[in-house]
Structures are given as structure tokens and as C-alpha cells.
Amino acid sequence: MRTLIQTLSLLLFSTLFVFATYKLPNWLPADIYLRLDPLLGMNAIFAAREIIGRALWALITIGVTLVIGRFFCAYVCPMGTSIDFLDFLFFHKKKRPGLKAEPSLRKAKYFLLILFIAAALTGLSLAFLMDPMSLLTRFYTFFIYPLAITLINLFLDLLRPLSQALGWVTLSHLHYFQSVYYMTAITLVIFGGIIVLNRLVPRFWCRYLCPLGAFLSLISPLGLFKRRVSEDCNECLKCQKACPMGAVAEDPRGTHLAECIQCRTCAKVCPQNAITFPASLSLGGEYSKIDFSRRGFLYSLAGGLGIGFLATQAPFTLKQSKHQLIRPPGAIPETEFLRTCIRCGECMKSCLTNTLQPCLWESGFSGLWTPKMDPRLAPCDQNCNVCGKVCPTQAIRSVTLDEKTHAKVGTAILRKEMCLVWAQNKICLICDEICPYNAIVFRPIEGYRRPVVIASKCNGCGFCEQRCPVKGESAIVVIPEGEIRLKEGSYVKEAKRLQLEFKPDPGDDKYILEESGFKIEDKKKEKENILPGEKPQPKKPKGFL
Amino acid sequence: MKDSKQAITRRGFLKMAAAGTALTLAGRPSFIFGREEYDLAVISGEPVAATRKALDAMGGISRFVKKGQRVVLKPNMSFSRTPDFSATTHPAVVATVAQACIEAGASQVLVLDHTLQRAELCLERTGIREACKNLPGVHVLALQERKFFREIKIPQGKILERVEVIKEVLDHSVLINIPVAKSHSATGVSMGMKGLMGLIWDRESFHSQYNINQAIADLGTVIKPQLTILDATRALVSGGPGGPGEVKKPNLIIAGIDPIAVDSYGVTLVPWYGQNFKGRQVEHLLVSHQRGLGKIDIDQINIFKEKV
């Protein structure tokens with residue numbers, strides 16, 4: 001029964017993950033697991049110092065846990081399910097050494113919880129490091145998803161001779177877009193580490209480390225359902241051995257209520273059928289207390305505040321806007337963004353073009369795993385606004401396509417010394433050809449047609465940077481200059497206020513042809529230019545003789 | 001031209017082709033069976049009706065597509081733009097041709113392009129996949145992986161020695177090019193000839209490495225569509241090839257066997273960037289013409305015009 005619910009929950013999590021793409025329907029909250037996570041919610045709300053609508057979904061989890069107990073870990077948590085599943089796969093036959101320092105280790109998760117909350121209070125978002133939802137979504141994004149695509153494509157390649165022979169046209173031409181991400185290895189190592197720890201004790205992570213579990217355990221002793229052992233108990237201690245959480249006390253009749261995740265494994269293994277989980281309103285007596293020293297509390301509090309303080313100081317932070325960092329369109333202002341983003345990687349998974357990539361140090365310690373655009377790798381497509389749609393804390397705002405178009409992420413600049421046209425007089429106009437907003441135009445300069453960027457028409461989508469045929473670094477790059485970062489309000493209005501226009505202006509090319517563009521070059525030359533036979537070069541558009 | 005759907009035997013066709021070639025070389029309009037054969041069909045009207053009529057005027061689709069043959073249609077669906085941007089071929093035109101091919105007994109119709117933007121977006125937003133959805137035997141595919149291309153030599157290539165082309169184009173006997181009429185920032189206009197670049201793997205080098213006009217002509221010596229149907233229902237007269245730009249509505253379908261003639265006529269339809277041009281003024285067409293790929297002067301082209 002439990003395995004079934006767990007499997008369904010993991011399936012739901014995976015399905016929603018798969019759905020988090022460009023095609024995501026508006027009604028489907030693909031990020032629901034992340035929204036339901038109270039730790040991520042608290043983290044974002046405390047760090048950002050304001051109420052975040054989507055994070056309030058976590059109240060459901062809190063409410064249900066108050067009523068039922070710490071059921072979440074055993075039944076809902078996809079991380080717990082993954083751990084159980086992989087545990088079964090790798091370790092279930094192994095004899096585990098167990099741990100001597102068990103009780104003090106148990107406290108670790110509470111210290112971590114306090115540390116994260118304290119850090120959040122200083123404005124540093126840190127819970128993502130160990131929050132299971134964030135961790136697992138990240139692992140899915142950076143490892144499972146690209147790997148799955150690779151395997152599917154490999155399978156399709158193997159199948160191709162067959163599908164060709166059978167005349168299955170679509171199948172024989174099927175190939176899925178392969179997303180690639182930086183930091184895949186690091187993410188795998190962390191997840192792998194969590195699984196390997198199971199070698200020591202089952203659910204090592206959940207018992208000792210998980211800060212979300214810690215939070216839920218704090219409120220779970222109030223729950224309705226509690227383990228009760230009847231008179232039939234013969235103290236065989238089978239339940240104690242079987243309990244994945246180590247929640248059965250020395251005396252098997254007692255229960256560490258905070259640790260009990262109500263998986264009912266004990267009831268299953270009990271030869272006497274002495275264990276039940278009836279509804280009861282009592283607070284569970286002596287074992288419900290969470291052993292938690294004042295000193296430990298103070299240390300972790302101080303630790304959290306200290307890290308929070310340090311991480312916001314140089315050298316752990318980079319000076320904002322003094323380095324190349326393009327945030328996704330709709331990302332709220334940088335300080336708030338870093339506080340609100342929970343690094344789940346959902347935006348990067350859903351990104352249609354794969355331009356969104358995780359940061360390592362680009363924005364300092366406080367910016368680990370935050371999304372950035374890598375326009376050389378891929379551009380931001382003007383028909384897609386999915387990154388905001390799936391953001392569980394709205395660090396990237398969910399906005400309409402029109403709004404998103406106006407959420408300027410930066411401005412393209414030409415590096416003339418590298419540009420094939422400027423530096424080598426070659427005929428190249430790929431940037432002009434690909435620009436969806438006509439922000440790149442050719443102007444006659446010193447007798448040659450040269451590409452220039454009209455900054456007020458460029459919203460930084462990066463098509464030019466990606467397509468630039470110069471090998472290595474692009475000759476046209478998007479820099480954060482001119483980005484519009486709004487916490488609230490309309491990007492369209494803001495763009496209008498700044499006199500930006502990200503729209504086609506078909507008249508612009510015409511302007512070059514008819515006016516020859518010399519107006520901006522040199523007003524005096526204008527008259528000469530009108531004379532027939534003079535400077536015919538820019539008279540005709542490219543490709544015409 | 002009411003009953004232009006005459007049956008043509010293979011021998012007759014060869015004779016006619018030989019005669020046609022000879023006459024073409026002699027610089028005269030070609031004739032078949034005493035009746036005029038047209039180089040171009042220029043049909044004005046709604047996309048579907050005009051396309052049908054254009055096919056009829058060219059002797060019916062069965063002149064090009066035989067029973068059991070596989071057909072590759074090459075529309076321009078390279079940009080994720082809706083049809084009103086005129087950066088891509090009108091979906092109704094593509095679907096009409098595809099349906100005609102199926103009706104003529106084609107075993108399979110592949111609508112192919114190597115798109116410039118993300119494949120699924122292009123297929124979706126151009127409307128071409130949707131338009132062909134309910135046509136059995138018609139498959140709309142954007143091929144973005146090198147494994148779907150094969151390298152061939154270009155014996156007559158001036159600057160290109162070899163090129164990687166979509167396998168199906170090489171393996172199939174029938175290729176119908178269905179470009180849209182649009183301006184192009186590098187080549188002046190992008191119609192049938194320029195559209196052939198959508199069938200090859202490495203387009204970028206055309207822009208950066210080679211003289212693009214020569215490269216297109218080189219490509220034209222190895223990829224020869226049996227029929228070119230230019231969708232000039234709309235024309236993107238500036239801001240091409242991707243748009244956005246000024247869209248004019250000539251409401252025309254131009255069909256022809258000679259790819260240069262089709263493009264050359266297309267050039268004269270509308271002013272590009274506010275100026276009138278002739279085919280000879282478009283460098284890649286002129287180069288291709290000089291390489292013997294087709295007629296470029298409109299006064300030497302025999303044109304059938306009709307309004308539907």
C-alpha cells in the first residue's frame with residue numbers, strides 16, 4: 001500500500017517534471033511539489049521578507065502534517081521514494097554497520113534547519129543546498145533528463161534501420177533535442193553521496209540530514225495517528241530492527257514520535273500483530289520530546305547568521321552588474337532574485353532552447369545554481385515564456401508573451417575587432433538575418449555597409465550571439481546593459497517609458513536604401529549622396545546588382 | 001488550357017523534352033504537339049484554388065509524380081513565424097500540393113526543411129504541420145541532425161566541392177520546391193534557388209566562408225527540383241528572410257519547371273525594399289543563369305496567366 005502510494009507520488013513528480021516544457025498548459029502547476037515544500041516556502045519568504053503567493057501552498061503540507069503526522073516523508077516525498085527504491089536495489093541484502101553516535105547525529109537535521117532559517121533571515125537563500133525537493137528536481141534536471149534524452153535517442157538510432165525498413169517515416173526521423181547543462185557532475189556527486197550513505201543505515205538522509213524532515217518532525221507529534229503497542233508484545237525487537245527511521249525506542253513499546261513517519265513497517269513485521277496506528281489525541285508521553293540542547297540551538301543559530309553575514313560580504317559575493325551575467329527574462333531585481341530563487345532548476349529544465357544554465361561562481365556564493373542565460377549556447381525564443389510559469393517562488397515572474405518580450409535581459413554589442421564585416425570586409429549578415437526585432441541594421445560607413453545594433457530595439461534575446469559564425473567567442477555579445485528587472489508592474493509600460501520598442505519596423509531597411517543612412521554618418525555628405533552616380537554602393541540592398 | 005491534363009507517354013515526354021531543350025537552346029519558345037507549352041503558370045487567386053490551377057496549367061501533377069513514387073516537398077518553414085509574417089510558405093499551398101501528390105498516386109510525401117529555428121516551433125507556428133495533419137501518407141519533418149544528411153560531390157562546383165544534403169532528397173526521384181516570396185538581407189530575395197539551402201546541413205559556411213551567390217549556383221547544379229511552386233500569395237518585401245517586415249499581397253502562385261524563370265518572374269512582382277528589380281539584378285539568379293541553370297529574362301519566358 002505504502003509502496004504503491006510512494007510510486008504514484010514519484011510518478012506524478014516525474015510526469016509533472018516532463019510536462020515542464022514550452023508546451024506547459026497554463027492551468028497545470030508543474031512546480032506543485034516545490035510549492036508544497038514548507039521549507040522552501042519559509043526560506044523564500046524569510047529571505048525575501050515578503051509573502052510569496054505560490055509558497056503559501058506549503059500551508060497545505062503543514063496543515064495535513066499537523067493533523068496526521070509526519071506522513072509526508074513516507075508517502076509523498078519523491079526523494080524518500082528514490083532513496084527507498086535505490087536502497088532496495090543496492091543495499092537491501094547488505095549488513096549495515098549502524099552508527100554509534102546515533103542520537104547526536106539525529107540532532108544534525110535540526111541544527112541544519114535552524115542554520116538555514118537563520119541564514120534566510122539574514123537574506124541568504126541556502127536551504128536549496130539540502131532541501132529534498134530542490135535537490136531532487138535539480139538532480140532530475142541536470143542528470144536524469146539529459147541522460148534520458150541521450151538514451152532515448154540512442155534507442156531511436158538503434159531502431160532506425162527497422163523503422164526505415166517498415167516505412168515508419170516519423171519514427172525513422174525522430175530525434176529529441178538534447179539538452180546539456182553545466183554542473184551535471186557536481187549534482188550527480190551530491191545525489192550519489194546521499195544514496196551511498198544508505199550503506200550505513202537505511203534512510204540515512206531522512207534520519208539525520210533532511211532539514212525538511214526536521215521541520216515536519218517538529219510539528220508531527222501533534223498528529224492524530226500514533227504508533228501503539230499492545231500487551232501482546234514479546235519484546236522480540238523485530239520492529240526496532242525493521243524501522244527505517246530508527247524511531248522505535250529501546251523499549252519497543254515506546255516510539256520517538258518525531259522520527260516516526262508512519263510507514264507502518266513495524267506493524268507489518270510484528271509476529272504478534274501487537275502494533276497498531278490508531279487515531280489518538282494524546283501527545284505521546286516521554287518519547288515525543290525532541291532532544292535538542294540549548295547550546296546546539298545557539299550554535300546553529302549563530303552559524304546560520306554568521307554564514308548569512310559572510311556570504312553577503314566580499315569575497316563571497318561578486319559586485320553586482322560588474323560582470324557578465326544575463327538573467328532570464330522576468331527575473332526580479334538581482335538582490336531579491338538571489339533571495340527568492342530556490343535553485344530547483346525547473347526553469348532550466350523547461351527552457352525551450354536550453355539557454356538557461358546554472359551559475360557556479362558567476363554571481364558569488366549566494367548565486368550557486370541560479371539560472372543564467374548562455375546566449376552563445378542558445379537564444380531565448382520569443383514565443384516561449386515557460387521559465388516564469390514553472391518558477392515556484394516567482395523569482396522569475398510568470399508573465400504573458402508580450403510582457404516577456406519587453407522584459408529586456410540585456411543589449412547586444414558588436415565587437416568590431418572580431419566581426420567578419422567590420423574587421424575583414426566579408427559579406428556576413430547572419431546577425432541581421434536572425435534578429436527577430438530588426439535591431440541590427442546595415443549602415444553605410446566609410447563606403448562599406450556595416451552592421452550596427454540599435455540598442456532601443458534589442459531585448460537581448462541572444463539569437464545574434466548564438467548564430468555569429470566567428471569561431472570561439474561571438475563577435476556580437478549580449479551584455480546586461482539596459483536590462484529591465486521589475487519586482488512588480490508592467491514591463492511593457494517600463495519599456496515604453498524608456499522609449500524602447502521590440503517590434504518590427506519594416507521602414508528601417510527602407511530608410512537605409514532611400515536615405516542611404518548618411519544622415520547619421522555625416523549630414524554634410526547627404527547632398528553629395530543625392531547626386532546621381534555618386535557613391536552608388538549603398539544604394540541597393542544586398543544581393544541586388 | 002482547359003484540358004491540359006493530357007496523358008503523356010514516357011517516349012513522348014522524352015521526345016518533347018529533347019525538342020524542348022533543343023528549342024530552348026535555339027532561344028525560342030517550346031511547343032508540344034503543336035500546342036504551346038508554358039514555362040510558367042502565373043495564377044492569381046486564393047491559395048488553394050490558385051495552387052490547384054497552377055498545377056493543372058503545368059500539365060497536371062501526374063506529369064511530375066508517378067504512381068508509387070516518393071515525393072519530397074520543400075516549403076520554407078525555417079522560421080517560427082505565423083503565415084502572416086510571410087517568412088514561410090503558406091500552409092494551404094503546401095497542403096494542396098501534398099494532397100495532389102497523394103491523389104496522383106505518390107506512395108509517400110515528405111515535407112522537409114532544415115529549419116533555422118527550433119524545429120517543433122517552426123512546424124507548429126508556420127501552420128504547415130497542422131495543415132498536413134489529416135493527409136494520409138504526408139509527413140512533415142524538420143531535420144536538424146547531421147545523421148539525416150549525406151555528403152555528395154558537386155562535379156560542376158565552382159567554389160563548393162561537396163555538400164551534405166538531406167538523404168531523402170538524394171534517394172527520392174521527385175523534388176518539388178515550394179518557396180515563399182521574400183526579401184533576403186544577403187541575397188536580395190529568397191525564393192526557389194535560395195530555398196535549396198534548406199536542404200543542406202551546413203548553411204552557415206555559405207554566409208561566412210563562401211560567396212553565397214556562387215555557392216547557391218553550385219548547389220543548383222546538384223539539387224534540381226522537378227517543379228518549383230512559388231508562393232507569392234504574400235511577399236515579405238523587406239525585413240527578410242526572418243521578418244518582421246513589410247508584407248505585400250500579390251495573391252499569386254507561380255509554377256514552373258525552370259527554377260530561375262520562376263524566381264526571376266517572382267522578382268518582378270513587387271518592389272523590394274521600395275525598389276523595382278529584374279531577375280538579372282539579383283546576383284545569385286544571374287550567376288545561376290550564367291551557369292546554365294535556367295532562363296532569366298522574362299521576355300523570353302512563355303507565361304500562362306489566369307485568375308481563379
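Which exposed residues does the face of helix 1 of chain A turned away from its buried side carry?

1. That face carries A:Leu4, A:Leu8, A:Leu11 and A:Val18, where exposed means over 50% relative accessible area, buried under 20% and partly exposed in between, with a 1.4 Å probe and protein chains only. The model is predicted, so local features need pLDDT of at least 70 and side-chain atom pairs count only at pLDDT 80 or more, whereas totals for chains, interfaces and linings use all residues. Side-chain values use heavy atoms, with hydrogens and water left out, and residues are numbered from 1 along each chain, the chains being lettered from A in the order in which they are written.

2. Helix 1 of chain A (a DSSP run of H or I, at least four residues; strands are runs of E, at least two) comprises 18 residues, 2-19, and its end C-alpha atoms lie 25 Å apart, which agrees with the 26 Å expected at 1.5 Å a residue, counted over one less than the number of residues.

3. Its buried residues include A:Arg2, A:Gln6, A:Phe13 and A:Phe17; because the buried residues fall within an arc of 160 degrees (directions from the helix axis to the C-beta atoms), they line one face of the helix. Among the elements covering them are helix 6 (78-90) and helix 8 (132-165) of chain A, contact meaning heavy atoms within 4.5 Å.

4. Chain B has a mean pLDDT (the predictor's confidence in each residue, from 0 to 100) of 87, but over its residues 23-35 the pLDDT stays under 50. Where pLDDT is low, the predicted coordinates should not be read in detail.

5. For the complex, the predictor gives an ipTM of 0.76 and a pTM of 0.82.
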